[in-house]
Amino acid sequence: MSKADRAPYVLEPDEARTIAEHVLAVSRAYPSFDDPGLMLDLPYLAGQLPYGVQRHLREFAMGDRAGYCVVRGHLVDQERIGPTPEHWRARHRPGPEFPEEILLLLYSALLGEPFGWATQQDGVLVHDIFPVRAHENDQLGLGSRELLTWHTEDAFHPYRGDFLLLAALRNPDHVPTTVGELDVSALSPHDVDVLFQERFHIAPDESHLPKNNSTGTRGGRFDGIQRMLDEQRPVAVLFGDREAPCLRLDPYFMAEPTDAEAARAFRAIVEHVDARMRPVVADVGDLLVLNNHRAVHGRLPFRARYDGTDRWLKRVCVTADLAKSRDMRAGAESRLLG
């Protein structure tokens with residue numbers, strides 16, 4: 001898949017039916033994410049998806065240049081999943097949309113290993129994204145009225161995901177996700193040199209803070225986040241291949257550097273990426289897959305309805321190397337960092 005190739009993979013009707021039947025069967029065989037066999041069986045279960053969509057996602061991942069790809073045409077039973085919830089807290093797990101969450105995990109297994117955060121949404125593996133009235137002006141996926149500033153997902157963290165999967169259960173107002181990619185040739189060689197140096201600071205975003213979780217600070221799960229806030233270790237914005245570098249950027253949670261050289265390079269890359277942002281609408285049944293090293297993403301503001309029909313996405317992070325985060329997981333079998 002070339003960087004210029006933005007054609008989505010559109011499921012044929014028989015592919016969509018096969019996938020819908022498969023995820024329903026899997027959701028009945030494995031009662032929750034805590035089932036010990038589910039994660040072990042994910043690659044086998046993913047191998048039963050239609051070959052065309054498997055090939056599309058593998059080409060995207062192995063190509064390692066495109067920032068995103070889209071799969072369209074999944075069937076979502078609106079009556080079964082019920083209304084868009086008012087909040088993720090106090091929801092019964094698994095909910096009626098468990099088959100759609102299973103689908104995200106199956107696609108994750110084609111790209112790597114799904115994982116979550118003990119510091120986000122009380123440690124569920126697959127996150128909800130829908131407007132919550134109390135957060136409508138916040139820099140969170142649960143916001144609506146304010147622009148969700150573009151960012152690398154969990155940019156502050158050394159174990160941030162390699163891929164981010166977003167599946168639309170509904171989106172009646174066609175609210176777009178914004179996606180932007182880097183064209184390093186547009187930056188000066190000197191600015192690129194500076195951006196490869198550890199001269200920048202990224203603070204944890206607010207979704208990882210105790211105030212946005214109902215578990216409070218029990219068990220020390222937020223200790224690592226607090227250490228990052230306290231230490232403010234410098235990081236590089238660019239890394240990897242100089243001719244096609246990966247990026248790590250979250251301007252809203254980054255203070256402009258105090259030295260003029262780094263500040264100039266920081267402003268240059270932010271202005272460049274900002275100019276390249278484009279809307280990508282994930283409507284009902286669409287899957288948006290982001291390469292978290294190649295693309296940043298955000299969301300345009302919208303007016304939420306709060307009547308059960310609002311935009312509702314599911315989100316999961318994927319890593320190509322789960323072992324690297326072993327020091328932050330409770331056990332080898334755990335998929336939660338923190």
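1. A word on burial before we start: a residue is called buried under 20% relative accessible area, exposed over 50%, and partly exposed in between, using a 1.4 Å probe and protein chains only. By that yardstick Phe98 counts as buried, because its relative accessibility is 4%. Keep in mind that this is a predicted model, where local features need pLDDT of at least 70, side-chain atom pairs count only at pLDDT 80 or more, and totals for chains, interfaces and linings use all residues. Residues are numbered from 1 along each chain as its sequence is written, and side-chain values use heavy atoms, with hydrogens and water left out.

2. Next, the aromatics. Rings of Phe, Tyr and Trp (its six-membered ring) pair if their centres lie within 6.5 Å; planes under 30 degrees apart count as stacked, over 60 as edge-to-face and the rest as tilted. The structure has six aromatic pairs. In one of them Phe33 meets Phe98 edge-to-face, at 5.3 Å centre to centre with 65 degrees between the planes. Phe33 sits in the loop between helix H1 (13-29) and helix H2 (38-46) while Phe98 belongs to helix H5 (residues 98-111), so this pair ties together parts that are 65 residues apart in sequence. Another pair, Tyr252 with Phe253, is edge-to-face too, at 5.0 Å centre to centre and 65 degrees between the planes. Phe253 is buried, with a relative accessible area of 15%.

3. About the labels: helices (H or I, at least four residues) and strands (E, at least two) are DSSP runs, numbered from the N terminus.

4. H5 also packs with another helix. Two packed helices are described by the angle between their axes and the distance between the axes. Here the axes are lines fitted to C-alpha atoms, for helices over the stretch in contact, and angles run from 0 to 180 degrees between N-to-C directions. The axes of helix H3 (residues 51-63) and H5 come within 9 Å and cross at roughly 50 degrees. That makes H3 oblique to H5, given that angles under 35 degrees count as roughly parallel, over 145 as roughly antiparallel, 65 to 115 as roughly perpendicular and the rest as oblique. The crossing is right-handed, meaning that the near helix is turned clockwise from the far one by less than a right angle; anticlockwise would be left-handed. Which residues meet there? From H3 come Val53, Gln54, Leu57, Arg58 and Ala61, and from H5 come Tyr107, Leu110 and Leu111.

5. Some backbone spots deserve a look. Arg93 and Pro94 are joined by a cis peptide bond, with omega about -5 degrees; Pro94 is in the loop between helix H4 (78-81) and H5. Asp64 is not a glycine, yet has a positive phi of about 55 degrees. Asp64 is placed in the loop between H3 and strand S2 (68-72) and counts as partly exposed at 33% relative accessibility. Asp122, also not a glycine, has a positive phi of about 60 degrees. Asp122 lies in the loop between S3 and strand S4 (127-129) and is partly exposed at 23%.

6. Have a look at Val76 in the loop between S2 and H4. At 18% relative accessibility, Val76 counts as buried. What does Val76 touch, leaving aside its neighbours within four places in sequence? With contact meaning heavy atoms within 4.5 Å, the partners of Val76 are Ile81, Glu100, Ala168, Leu169, Val284 and Gly285. Val284 is 208 residues away along the chain, but the C-alpha atoms of Val76 and Val284 are separated by 7.2 Å.

7. Now strand S3 (residues 113-117), where four of the five residues are buried. Strands of a sheet pair through backbone hydrogen bonds, either parallel or antiparallel. Two strands pair if DSSP finds at least two bridges between them. S3 runs antiparallel to strand S13 (residues 312-319), joined by three bridges; Phe115 has Cys317 as its bridge partner there. S3 runs parallel to strand S14 (residues 336-337), with two bridges, and Gly116 stands opposite Leu336.

8. Finally, there is an open sheet of four strands in the order S5-S12-S7-S10, with antiparallel pairing. Strand S5 (148-151) and strand S10 (278-281) are the edges, each pairing on one side only. The twist averages 25 degrees from one strand to the next. Within the sheet, strand S7 (residues 176-181) and strand S12 (residues 295-299) pair over five bridges; Glu181 has Ala295 in S12 as its bridge partner.
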